[in-house]
Amino acid sequence: MAPIVAADHLSKWYGQVIGLNDVSVTVPSGVTGLLGPNGAGKSTLMKLITGQLKPSKGSLSVLGEPIWRNPALYFKIGFCPEQDAFYERMTGLEWVTALVRLNGVSETEGVAMARRALETVDLVDAADKKIGAYSKGMRQRIKMAQALAHDPELLILDEPLAGMDPIARRKTIRMIKDLGRAGRSVIVSSHILHEIESMTANILLINQGRIVAEGNVHQIRDLIDEHPHTVYIRADQTRALAREFLTQDDVLSLKFEDEAVVVQTARPDAFYARLTDLAASGELGGIHEVTSPDDNLQAVFQYLVKS
Amino acid sequence: MNRERVNAPSMFASAARIFELSLGQMLWSRRSVFLGILLGGPVLLAAIVRVVVEMYARGFRINGASVAGPAVFGLIIWLLYIRFIVPILGVFFGTSLIADEVEDKTITYLFTRPIPRSAVLLGKYLAYVVCTVLLVLPSVILVFFLIVPMGGGSIAREFPSLVTDLAMLALGLVAYGAVFALVGTRMKRPLITGLVFAFGWEPAVLLFPGYLRRLTVAYYLQALVKHEMPQDSATSVLLQLFHEVPSVATSLLGLAVIVGLSLWSAGRAVENREYVLEQ
């Protein structure tokens, strides 16, 4: 099967700064995770793949065609960027409709497509609410909706789970896996291995502008499990949550920050599963945001380089 | 949906959709509110002049000479609107057509759609024209009704000239907007460059005879000013500006060339430029 993305000696530099350094890689169809710490070149690669940047050197093709200055290719691509930026005064439905209409569909068809996309990301109830009034998780989901609305062959998601609450996170992960099973290709970036691992076993590890590993995630995972994983949880009842966490063997430490509790766990998978169940039950109040700081993966990369 | 099922929208259809998306955003932006307040200035000024004239004098006078309302209105149109407000609107809106989207980091959503990037510029430019015309129009109409009746001016008789003035102001906005859209896409400090062009280059060059004045927008707008200016010493310097004006046809052609070339060049710049958003 033809690769969805093929880079050949691809480099990108910004003046004297190298963003991506001589990368040759092919991304197969299906779900692929792009994993790397901040400044690794992840965003540069995403921007090159989505045609926002022009390669400084080498070549890049997406779905068999060069992407730079090839707008027709965007019929087949949906992109969910990392930045939290919107037309705040528009409602979710208006915004997604306006964007999908740029694909050449009529107003009626655009509204229907936008509604379907909002259903997919579970935002129908907030369709007529202004985006400025959305929570962080809702804003992430509306970004996903605009990327999905035109039913693209390739979906490119830059840190899509950042800031989502546990339930939305679980739904989004399930949706990405479903898209993969339905024959769509998805490239999803993250700095959290456990997120990527929950969506796919196929990953590209990027660091210092180079692809340092590609393929199956499980071998790397074994190394990573030896490192504590930090989770930041913003919730209504942080003290009650902390009491609950302290009864769990895998929790190594915890501290409070503003309206959040920051936990270090030795078994992230088990911790995330319990956290999602807690959020779903609602017995310890609302859990609004779950994020993991970038230093988790930085530590893993340092560990990998040493070993 | 894929490209086999849906035809790519044409350049103008794409621009029309960007226009729809941008107009509301532009109309209710902080910039529009600020410039809307600025446009209240001439109305306030006109109201004060009218009250003063009605209460303390029989007519409006410049250096002792009586000046009729239509001539005062003509002065306001030329000095305040054409030479100041229209370039200001052009600079502040035109230079930011793409820059605002880049600064707000929303440009990504528009540049990852199956439309030419230049359609984004064109759509936003059209939104700018409509938005600024909607801002200027009420202000000019109010000033007209306040000033023209002074000194025996007739609103009915002068109404056709108001229509001409509004068309000229719209042309000015179209032309300045295109020039400053080009500045916004090509220059590193577009606002400063735009202000220097509008309030440094244009007034300076217009004072000298020769061909350089043809490199201004104001030169071509002059021919479209139909008002008779007051004949007095204070305005005589200004009247000199109206000498050597091109014909209406030359003016319209000149403005069309300026708009066409500026938009074409700005579109090329947007197509080829990489926009790196700060994280």
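pLDDT is the predictor's confidence in each residue, running from 0 to 100. This is a predicted model, where local features need pLDDT of at least 70 and side-chain atom pairs count only at pLDDT 80 or more, while totals for chains, interfaces and linings use all residues. Residues are numbered from 1 along each chain as its sequence is written, and chains are lettered from A and ligands numbered from 1 in the order in which they are written.

**View 1. How confident is the predictor about chain B?**
Chain B averages a pLDDT of 86, and 86% of its residues score at least 70. Residues 230-235 of chain B are a weak spot in confidence, with pLDDT below 50. Beyond near neighbours in sequence, that stretch still has 14 contacts in the model; two residues are in contact if their C-beta atoms, placed from the backbone, lie within 7 Å. For the complex, the predictor gives an ipTM of 0.83 and a pTM of 0.83.

**View 2. Chain B has 11 helices and two strands**.
Helices (H or I, at least four residues) and strands (E, at least two) are DSSP runs, numbered from the N terminus. Walk along the sequence of chain B and you meet the pattern α-α-β-β-α-α-α-α-α-α-α-α-α. Of its 279 residues, 43% count as buried. Here "buried" means that 20 or more other C-beta atoms lie within 10 Å of a residue's own, "exposed" means 12 or fewer, and "partly exposed" is in between, with C-beta atoms placed from the backbone. Take the contacts in chain B with a separation of 6 or more: residues 24 or more positions apart account for 84% of them.

**View 3. Helices H7 and H11 of chain B cross at roughly 30°**.
Two packed helices are described by the angle between their axes and the distance between the axes. The axes of H7(B) (residues 155-186) and H11(B) (residues 248-272) come within 8 Å. Axes are lines fitted to C-alpha atoms, for helices over the stretch in contact, and angles run from 0 to 180 degrees between N-to-C directions. H7(B) and H11(B) are therefore roughly parallel to each other; angles under 35 degrees get that label, over 145 is roughly antiparallel, 65 to 115 is roughly perpendicular and the rest are oblique. H7(B) passes H11(B) in a left-handed crossing, where the near helix is turned anticlockwise from the far one by less than a right angle (clockwise would be right-handed). Look for Leu171(B), Val174(B) and Ala178(B), among the H7(B) residues that meet H11(B). On the H11(B) side, the residues include Leu255(B), Ile258(B) and Val259(B). By class, this contact has 14 nonpolar, three polar and one charged residues. Ala, Val, Leu, Ile, Met, Phe, Trp, Tyr, Cys and Pro count as nonpolar, Asp, Glu, Lys and Arg as charged, and the others, Gly among them, as polar.

**View 4. Helices H2 and H4 of chain A pack at an angle of about 30°**.
The axes of H2(A) (residues 92-101) and H4(A) (residues 136-148) are 9 Å apart. That angle makes H2(A) roughly parallel to H4(A), and H2(A) passes H4(A) in a right-handed crossing. From H2(A), Gly92(A), Trp95(A), Val96(A) and Leu99(A) meet Ile142(A), Ala145(A) and Gln146(A) in H4(A). Sort the residues of this contact and you get five nonpolar, two polar and no charged.

**View 5. Where chain B touches chain A**.
Here 29 residues of chain B are in contact with 30 residues of chain A. Helices H1 (11-27) and H5 (107-111) of chain B each supply at least two residues of the side that touches chain A. H1(B) gives the largest share, four residues. That side of chain B divides into 14 nonpolar, eight polar and seven charged residues.

**View 6. Two loop residues with a positive phi**.
Most residues other than glycine have a negative phi. Gln208(A) has a positive phi of about 50° although it is not a glycine, and it sits in the loop between strands S9 (202-207) and S10 (210-216) of chain A. With 15 other C-beta atoms within 10 Å, Gln208(A) is partly exposed. For Lys105(B), phi is near 65°. Lys105(B) lies in the loop between helix H4 (99-103) and H5 of chain B and is partly exposed, with 18 other C-beta atoms within 10 Å.

**View 7. Leu205(A) in strand S9 of chain A**.
Leu205(A) is buried, with 23 other C-beta atoms within 10 Å. Leaving aside neighbours within four places in sequence, its contacts include Leu35(A), Gly36(A) and Ile211(A).
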